[in-house]
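Got the viewer open? Here is a tour, stop by stop, with something to select at each one.

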Amino acid sequence: MNRAFFTRAGGTLAFLAALILLSAFLVPSCCGENPVTVCILDSGCGDNHAEGESFLGAADDLSDSIGHGSSICSLVRGAAPEANVVMLKCFEAQDTWNEEAIVEALYAAVDTYHADVINMSWTLASESDALHEAILHAYDQGAILVACTGNLSVTTGLGTVAYPAAWDEVIGVAGVDLNDLGAPKTSLWYLYGEAVDFCARGDWDQDKGSSYAAARVSGLIAAALHDGVEPSGVCQYLAALAQDMGDPGYDHRFGWGYLKTS
C-alpha cells in the first residue's frame with residue numbers, strides 16, 4: 001500500500017475515511033454476473049472444491065502436504081463466501097521457497113485468473129527484483145495485493161524487513177492476539193515494522209501467525225468489493241474500519257489500526 005497516500009494528521013484521515021466508508025454503502029452492489037476473484041499463492045488446498053493450478057509439477061495437483069494453504073482458503077471463504085477463490089500452489093514447505101514458481105503464479109493470477117485480490121501469507125527476508133516486477137505488474141493490472149508481515153523467530157528477529165509486505169504496492173497485515181473479552185492485544189509473537197499497514201486476528205484453530213491475519217483481511221476486502229466498494233477506495237475503506245491502537249495514528253506495531261474480522 002502506498003503509505004505516502006495517508007496523512008498522519010489524524011483528523012484529516014478520519015474525515016476522509018468516514019466519507020469513503022459512507023459512500024461505499026451508497027454504491028449499488030456488484031454481486032451477480034462477475035464475482036470477486038481471490039487468488040491465493042500458497043501450499044495448495046486439500047479439499048474437493050478447490051479451483052486453481054500448481055506451478056510445482058502437475059498443474060492439477062493442488063494437494064496440501066503442510067495444511068497451510070488449506071487454512072488460508074478456509075479463512076478467505078469464511079469472510080467472503082460469494083468470492084471465487086483460486087489456489088495457485090507455488091510452494092510445499094514454508095521454509096523452502098521456489099521463487100520462479102511464485103513469480104509465475106503472480107503473473108497467472110492477473111493474466112489468467114483476473115484476480116481482484118491476491119493473498120500472500122508468507123514472507124521473504126530479502127528483496128527480489130523478479131518478484132517485485134511481478135508485484136508491480138499485478139498492481140498495474142488493478143489487483144489488490146495483501147501480504148502478512150511475518151512472525152518473530154530465530155531467522156526473523158526484531159528489525160527484519162518482510163517482503164512482499166514492505167513494498168508500497170502491497171497491503172501489509174500484522175497479527176494480534178485477542179484477550180478474554182475479544183479485544184485485541186499486543187503480542188511478542190508477531191513481527192512488526194514499516195511493512196505494517198493494518199493488523200487483524202492472527203489465530204486459527206490451535207495455531208497462530210500473521211498468515212491468518214492477512215487471509216482475514218483479504219476476505220474482508222473481497223466482501224467489500226462484492227458489496228460495491230470501488231478498488232480505488234479499498235485502503236480508505238479499511239482505514240475507516242480500523243480501530244486505532246498504540247500511538248495515535250500510524251505506528252509500526254498496529255499500522256493504521258486493528259481490523260475486526262470473523
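Select Cys-199 to begin: at 0% relative accessibility, this cysteine counts as buried (buried means under 20% relative accessible area, exposed over 50%, partly exposed in between, with a 1.4 Å probe and protein chains only). Now add Cys-39, which is likewise buried, at 0% relative accessibility. If you are hunting for disulfides (a pair of cysteine sulfur atoms within 2.5 Å), a search of the whole structure finds zero.

Some ground rules before moving on. This is a predicted model, in which local features need pLDDT of at least 70 and side-chain atom pairs count only at pLDDT 80 or more, while totals for chains, interfaces and linings use all residues. Residues are numbered from 1 along each chain as its sequence is written, and side-chain values use heavy atoms, with hydrogens and water left out.

Next, colour the chain by pLDDT, the predictor's confidence in each residue, from 0 to 100. The chain has a mean of 86, and 84% of its residues reach 70 or more. Residues 2–32 stay under 50 throughout, and the model has 51 contacts for them beyond four places in sequence (contact means heavy atoms within 4.5 Å). Where pLDDT is low, the predicted coordinates should not be read in detail.

Switch to cartoon view. The chain has six helices and ten strands; these are DSSP runs numbered from the N terminus, with helices being H or I of at least four residues and strands E of at least two. Of the 262 residues, 52% count as buried. Among contacts with a separation of 6 or more, 76% are between residues 24 or more positions apart.

**Strand E1**

Select residues 37–42, which form E1; six of its six residues are buried. Show the side chains and you'll see Thr-37, Cys-39 and Leu-41 pointing one way, with Val-38, Ile-40 and Asp-42 pointing the other. Which strands does E1 pair with? (Two strands pair if DSSP finds at least two bridges between them.) E1 runs parallel to E3, joined by six bridges, and also pairs in the parallel sense with E4, over three bridges. For a landmark on the E4 side, pick Val-38 and its bridge partner Val-117.

**Lys-89**

On the E3 side, Asp-42 stands opposite Lys-89, so select that lysine, which is buried with a relative accessible area of 2%. Lys-89 lies in E3, residues 84–89. Try the distance tool from Lys-89 to Asp-42: they are 47 residues apart in sequence, but 5.2 Å apart in space, C-alpha to C-alpha. Where does the Lys-89 side chain go? It reaches the backbone oxygen of Ser-63 at 2.8 Å. Leaving aside neighbours within four places in sequence, the contacts of Lys-89 include Asp-42, Ser-43, Gly-44, Glu-53, Phe-55 and Asp-61.

**From E4 to E6**

Now select E4 (residues 117–120), which runs parallel to E5 and is joined to it by four bridges. Val-117 turns up again here, standing opposite Ile-144 in E5. Trace the chain from E4 through helix H4 (residues 129–140) to E5 and you'll follow a right-handed β-α-β crossover: with the strands pointing away from the viewer, the path from the first strand over the helix to the second runs clockwise.

E5 itself covers residues 144–148, and five of its five residues are buried. Ile-144, Val-146 and Cys-148 point one way, Leu-145 and Ala-147 the other. Keep going to E6 (residues 170–178), which pairs with E5 in the parallel sense over four bridges. Pick Ala-147 and look across to Gly-172, its bridge partner in E6.

**Backbone oddities**

In the loop between E5 and E6, find Pro-164. The peptide bond leading to it from Tyr-163 is cis, with omega near 10°. Then jump to His-114, in the loop between helix H3 (99–111) and E4. Its phi is near 50°, a positive value in a residue other than glycine, and His-114 counts as exposed, at 55% relative accessibility. Asp-205 also has a positive phi, about 55°, although it is not a glycine. You'll find Asp-205 between E9 (203–204) and E10 (207–208), exposed at 68% relative accessibility.

**Last stop: H6**

Select residues 234–241. This helix is largely enclosed by the rest of the structure, because six of its eight residues are buried. Highlight Val-234, Cys-235, Gln-236, Tyr-237, Leu-238 and Ala-239 to see the buried ones.

How values were computed
A polar contact is a pair of N or O atoms within 3.5 Å; within protein, one must be able to donate a hydrogen and the other to accept it, and residues adjacent in sequence count only if both atoms are side-chain atoms.
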